[in-house]
Amino acid sequence: MEPILPGLTRDEILRYSRHLLIPEVGLEGQRKLKGSSALVIGTGGLGSPVALYLAAAGIGRIGLVDYDVVDSSNLQRQVIHGTSTVGKLKVESAKAKLVDLNPEIQVDVFNEPFTSDNALRIAPDYDILLDGTDNFPTRYLTNDVAVFLGKPNVYASIYRFDGQVSVFYAKKGPCYRCLFPEPPPPGLVPSCAEGGVLGVLPGTIGTIQATEALKVLLGIGEPLIGKLLLYNALDMSFDFVKLKKNPNCRVCGPNADIKELIDYEAFCGVPSHDHDEGSAGTGWDITAPELADRLKQNHLKLLDVREPHELEISALPEAVNIPLGTLAARLSELDSAEEMVVFCKSGSRSTRALELLASAGFKKVKNLKGGINAWAKEIDPKLPIY
Amino acid sequence: MAILRIPTPLRSYTDGQAEVTVSGANIAEAMDHLIGKYPTLKPHLYNGDGNLRPFVNLFVGENNIKDLQGLDTPIDENARLLLIPSIAGG
């Protein structure tokens, strides 16, 4: 039986008049949107335009999941937040903007990370999921939740100038795991916190993501089910490829063996956040104050594994720069007998560099915990933090 | 020569090139040609067994080689190949 659609008030008819004029939406479509609900997972770069446009479009109930607080380094792209909300909970910051944009809708907030423990409590109450997360574990989790609940998962992902969008809907087509059965090995694919992202990119990609969600909820057009959009901002290229259901898919295939949510951090080998704070672990780390003391006592080789353009932002004198990507090929430039401290921006890349060095027989290496940003914070306030 | 589009995360291994030309009668040969030109790409695309890493998807036109004949998929001179990595930023 078709659900009874809610009616529109006089105010709503005026508010949505530009929608009502489109025959593909019309009064009935707008009532469908009012009667529908969407769960936006992540209120960052993608979640910002997604939530704003879904709210403006009149989705009756929007759920926001995020556990983070607004940081000023978010504002270059996360346009749902503002300078006035730096330090506040992202879900509250986003809710305030949405309610201001459209007070006719209901906004539910979940100030918690989306995990295997809470996903099946939160997600069943929504018609559609929108994956705007920033890490592999939460992406696999969102996919599996959508498959198990039989809901569409509007997927988007970004890095530097590249974006991907698809609608993974296992009832009608492939799921995320059909395309990516396994995550990349930890450290092989850089995150946005490490590699950066063009601020407007999530605007372009998130807006397409919101478009796809509206099409699915309205039942109009051809959603990107079984298709993946690949966008590159530098080339201004849009490529589409076909995606097929993988008969061996472990969650949506005929012989699926994953029937419940798993430990996604263990599966991906990385934490479910993109905070770029690396620690090599006890015995391998040196803190910024410890390093400052050591440098007063004797010579210590400093190895900076950041990209050359990052040295223009901040640098330590005397440090040798060998970017992580070229380190394996340039090991002969280093002396394994020499004591050495490796650093990067925040400690993530240097941890991987340390692993590489240790496996190549370097035993006297340490990782600067928190990277050059920790040095700037604790030792040299003249250096900028980025 | 077929054209292979390189996604941003891998362009640092192709001297910044967004597209590279590769030759070969099939995907395996084209990839050998690619790795010959840019050896530092290899660990990002292949695992220790010499197989493409599961998270790397290679498309000929709009079709995934996994849905065709894998590395044996024949390609012609005008083939357009797309390398699609998994990215997680949001």
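In chain B of this predicted model, half of the longer-range contacts span far along the chain: residues 24 or more positions apart account for 50% of the contacts with a separation of 6 or more. Chain B holds two helices and five strands. From the N terminus on, the order of these elements is β-β-α-α-β-β-β. The radius of gyration of chain B is 12 Å, close to the 12 Å that the globule rule gives for 90 residues, so chain B is as compact as a globular protein of that length. Along the principal axes, the C-alpha atoms of chain B fill a box of roughly 35 × 25 × 25 Å. Of the 90 residues in chain B, 32% are buried.

The five strands of chain B form an open sheet. Its order is β2-β1-β5-β3-β4, and the pairing is mixed. The edges are β2 (19-22) and β4 (63-64) of chain B, each of which pairs on one side only. Within this sheet, β3 (residues 57-60) and β5 (residues 80-84) of chain B run antiparallel and are joined by four bridges. One residue pair illustrates the register: L58(B) has L83(B), in β5(B), as its bridge partner. Helix α1 (residues 27-37) of chain B packs on the sheet. This helix touches β1 (2-5), β2, β3 and β5 of chain B. Its direction makes about 120° with that of β2(B).

Chain A also contains an open sheet of five strands. Here the order is β9-β13-β12-β10-β11, and the pairing is parallel. Strands β9 (285-286) and β11 (320-321) of chain A are the edges, each pairing on one side only. Strand β12 (residues 340-343) and strand β13 (residues 365-368) of chain A pair in the parallel sense over three bridges. In this pairing, V341(A) has K366(A), in β13(A), as its bridge partner.

The two chains meet at an interface in which 38 residues of chain A are in contact with 22 residues of chain B. On the side of chain A that touches chain B, four elements each supply at least two residues: α7 (136-149), β5 (153-159), β6 (162-168) and β8 (237-242) of chain A. Of these, β8(A) gives the most, with four residues. The residues on this side of chain A divide into 19 nonpolar, 10 polar and nine charged.

Notes
Residues numbered from 1 in each chain as written. Chains lettered and ligands numbered in written order. Predicted model: local features only at pLDDT ≥ 70, side-chain atom pairs only at ≥ 80, totals over all residues. Contact = placed C-beta atoms within 7 Å. Nonpolar A, V, L, I, M, F, W, Y, C, P; charged D, E, K, R; others polar. Pairing = 2+ DSSP bridges. Axes fitted to C-alpha atoms, helices over the stretch in contact; angles between N-to-C directions. Rg over C-alpha atoms; globule rule 2.2 N^0.38 Å. Buried ≥ 20, exposed ≤ 12 C-beta atoms within 10 Å, placed from the backbone.
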